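Colleague: I should like to go through this structure with you, beginning with its open spaces and then turning to its helices. Please keep the explanations suitable for a newcomer.

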Amino acid sequence: MISLPFASSQVRPAVNGCCGQCVFRPPCDGIRDFSELFNCVYTFCCGGKADCDVVCPKNRTFTEDVGGVFGLRFDNLPKISQRDIDLPLYVPHLNHQYSRSFPLNWPVVSVAPYKLFHMQNKAYTALAKSPDDVRSFLRLSPNTRIILRGTDKDNRLERYWTYRRRDEVPQQLAKLGVDLVIAPNFSHFVDLPRTHNLYNRKRQLICIEELQAAGLNVVPHLSDGDDGDWVFWRDYLMDQPSITYVAKEFQTGNKLLDVALVALGQMESIQQRLGRPLHPILIGGSQLTEYAASLFERFTILDSRPSMGAIKRRAFTSRGRRPIWSSDLTLPNIGIDELLFSNFAGYALFLAIRAKSKASLKHLRHRKTG
């Protein structure tokens with residue numbers, strides 16, 4: 001059994017005396033580990049350089065940026081109505097449809113919505129127009145269900161943000177017959193003025209509202225840069241009783257296990273405060289399988305490694321908790337269909353066995369984050 005080194009018993013707002021008079025303190029909740037003499041603007045602001053693209057009070061575009069998201073207010077957010085669906089423990093993420101000769105027959109897959117669009121006649125246009133079209137385009141079985149994973153690189157998120165209204169992108173996505181859409185995870189940083197993170201938080205919430213208005217089943221991504229963000233998500237979910245599915249990405253800033261466990265502990269802490277079960281969708285979070293199984297009744301892992309392994313002609317096996325990717329003898333010009341299916345099946349079983357073992361919770365200790 002594996003012991004979880006810590007889990008936060010409550011979401012704690014950061015405390016910082018220098019933030020007391022800041023007009024953005026209510027939505028920010030303060031910054032952790034700062035001197036009493038300096039706030040986030042004094043510490044991280046570049047001084048208002050001409051080429052600065054940070055949403056900062058000293059930036060000449062600040063008023064325009066904040067106006068573009070209707071202000072940094074979070075007390076007037078619309079209700080989200082999330083529909084329940086059946087999600088397995090493991091959902092493979094497909095980076096593209098190439099290298100396969102036949103339609104993939106797998107219950108549920110994840111794809112990036114941005115891969116389904118291109119610029120055509122100066123418009124951001126979907127490459128598929130219907131449920132059948134999108135499955136044909138992605139070389140999927142007609143019965144395969146789809147999750148659109150909105151987390152991606154910043155340039156793809158910014159392209160979506162730029163064209164989403166003008167070209168009615170949510171309405172185009174709504175025609176594709178997908179089960180869930182994970183909202184864009186506009187980046188949160190620890191070394192920029194907090195107003196930039198508040199701006200990106202508001203952008204995600206606007207996207208969530210627009211996607212739902214188009215009829216899509218939307219999942220918020222719990223983006224965080226400091227403890228105050230977890231306070232916000234706790235309060236947001238308390239005010240959104242229909243939300244069960246939440247997403248968190250563990251491929252970049254949360255990749256290290258100790259850091260990932262902090263985020264997982266915060267999610268579990270929110271679940272305790274809500275008094276209702278959450279269903280986390282852990283993107284690239286396979287290292288957390290045993291821990292998540294100990295903390296949540298249901299959870300889902302989105303992982304592209306079995307798919308990428310097959311593309312590189314590598315077969316999945318395992319030794320205990322350790323995944324092994326062995327060179328496969330599949331010829332380079334032959335489709336990877338059988339290898340891909342074998343990798344998915346093996347990886348799903350691998351995670352299921354790990355989830356059943358769970359992690360021991362008897363050594364839990366509270367981690368103070370304030």
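**Pockets, cavities and two helices**

Modeller: The second largest pocket holds about 270 Å³ of space. A pocket is an open set of points on a 1 Å grid over the protein atoms alone, with protein on both sides within 12 Å along at least five of seven lines. The model is predicted: local features need pLDDT of at least 70, side-chain atom pairs count only at pLDDT 80 or more, and totals for chains, interfaces and linings use all residues. Residues are numbered from 1 along each chain as its sequence is written, and side-chain values use heavy atoms, with hydrogens and water left out.

Colleague: Which residues that line the second largest pocket are the closest to its centre?

Modeller: Lining residues have an atom within 4 Å of a point. The second largest pocket has 13 of them, in classes of 3 nonpolar, 5 polar and 5 charged. The closest to the centre are Lys-255, Gly-284, Ser-286, Asp-303 and Arg-305.

Colleague: What is the volume of the largest cavity?

Modeller: A cavity is a set of points where a 1.4 Å probe fits but cannot get out. The whole structure has 3 cavities of 30 Å³ or more. The lining of the largest cavity includes Pro-113, Tyr-114 and Gly-150, and its residues divide into 8 nonpolar, 1 polar and no charged. The volume of this largest cavity is about 40 Å³.

Colleague: How many residues of helix H7 are buried?

Modeller: Helices are DSSP runs (H or I, at least four residues), numbered from the N terminus. H7 covers residues 194-213 and reaches 29 Å from its first C-alpha to its last, close to the 28 Å expected at 1.5 Å a residue. Taking buried as under 20% relative accessible area with a 1.4 Å probe, protein chains only, H7 is mostly covered, and its buried residues number 17 of 20.

Colleague: Why are the buried residues of H12 on the same side of the helix?

Modeller: H12 spans residues 337-357, and its buried residues include Asp-337, Leu-340, Phe-344, Tyr-347 and Leu-351. The buried residues of H12 lie on the same side because the directions from the helix axis to their C-beta atoms cover an arc of only 165°.

Colleague: Which exposed residues does the face of H12 turned away from its buried side carry?

Modeller: Exposed means over 50% relative accessible area. The opposite, buried side of H12 is covered by elements including helix H10 (289-295) and helix H11 (305-311). The face turned away from that side carries Glu-338, Leu-349, Ile-353 and Lys-356.

Definitions and conventions:
Helix = DSSP H or I, 4+ residues; strand = E, 2+ residues; numbered from the N terminus. Expected span 1.5 Å × (residues − 1). Contact = heavy atoms within 4.5 Å. Points joined across faces, edges and corners; volume = space filled by probe spheres on them. Nonpolar A, V, L, I, M, F, W, Y, C, P; charged D, E, K, R; others polar.
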